Amino acid sequence: MVKFHPEIWLPVILYAETHYKFKGIYSRLFKKEPEIIADAPFRVEPGESIPILLLIKDAHKFPVEILGVTIRVRIGERNFTTSHPLNISLNSERFWYQIIHLELPDGLHGLALIDVEFRVKIQGKIKIYHNDNYRISSHEPLKIYLSGHPLPRFDGWYFGDFHYHSNYT
């Protein structure tokens, strides 16, 4: 008898992997491209830059050339755009990432909508993706709260989210 181990199977079932499919079963997620994802924290302290994570997974299976990234930020009625030409070829990297720190004018606070536009070349074709290249995601902007006031702090006290990710998740 085979025993079910949820601690092993649940992460596999819940992860939106785009490269695997069951034989004979159609998958809306499947594509022959690396996963391309942008991410950012939900909250940023006053006066801090906004770290934008650019992540490419599985370029060793599906080579990609990152031509550039354009980041558009909207805070209320104000708009900011930054362009980052990268010209990076990835063909042997399982995981690649870069963090771009966005510096915005002082005094801005409230909800920031951030659209990260990837311009890539895959199999000789130039493609543009917004925030990720998943087929069924909304591709909506990342939402980040730019705080007008810092969180309370005490010397020697560290707080945060108690979970862990490795480069396998």
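A residue counts as buried when its relative accessible area is under 20%, as exposed when that value is over 50%, and as partly exposed in between. Asp58, with a relative accessible area of 3%, is therefore buried. The model discussed here is a predicted one.

Asp58 takes part in a salt bridge. Its side chain meets that of Lys57, with an N to O distance of 2.9 Å. Lys57 has a relative accessible area of 12%, so this residue is buried as well.

The pair is part of a wider set, since a search of the whole structure finds seven salt bridges. One of them joins Glu33 to Lys127, where the closest N and O atoms are 2.6 Å apart. This salt bridge links distant parts of the chain, the two residues being 94 residues apart. Glu33 sits in the loop between α1 (6-14) and β1 (35-39), whereas Lys127 belongs to strand β8 (residues 125-130). The two partners fall into separate accessibility classes: Glu33, at 5%, is buried because its value is under 20%, while Lys127, at 26%, is partly exposed because its value lies between 20% and 50%. The salt bridge between Glu33 and Lys127 also belongs to a network, in which Lys31, Glu33 and Lys127 are linked.

A further salt bridge is formed by the side chains of Arg43 and Glu45, with 2.1 Å from N to O. Here again one partner is partly exposed and the other buried: Arg43 has a relative accessibility of 28%, and Glu45 has one of 17%. With the cut-off for buried at under 20%, Glu45 therefore falls on the buried side, and Arg43 does not.

Ser49 offers a case outside the salt bridges. Ser49 lies in the loop between β2 (43-44) and β3 (50-57). Its relative accessible area is 17%, which means that Ser49 is buried. What does the side chain of Ser49 make a polar contact with? The partner is the side chain of His101, at 3.3 Å. His101 appears again among the residues that Ser49 touches: leaving aside residues up to four places away in sequence, these are Val44, His101, Leu102 and Glu103.

Definitions and conventions. Residues are numbered from 1 along each chain as its sequence is written. This is a predicted model: local features need pLDDT of at least 70, side-chain atom pairs count only at pLDDT 80 or more; totals for chains, interfaces and linings use all residues. Side-chain values use heavy atoms; hydrogens and water are left out. A salt bridge is a side-chain nitrogen of Lys or Arg within 4 Å of a carboxyl oxygen of Asp or Glu. Helices (H or I, at least four residues) and strands (E, at least two) are DSSP runs, numbered from the N terminus. Buried means under 20% relative accessible area, exposed over 50%, partly exposed in between (1.4 Å probe, protein chains only). A polar contact is a pair of N or O atoms within 3.5 Å; within protein, one must be able to donate a hydrogen and the other to accept it, and residues adjacent in sequence count only if both atoms are side-chain atoms. Contact means heavy atoms within 4.5 Å.
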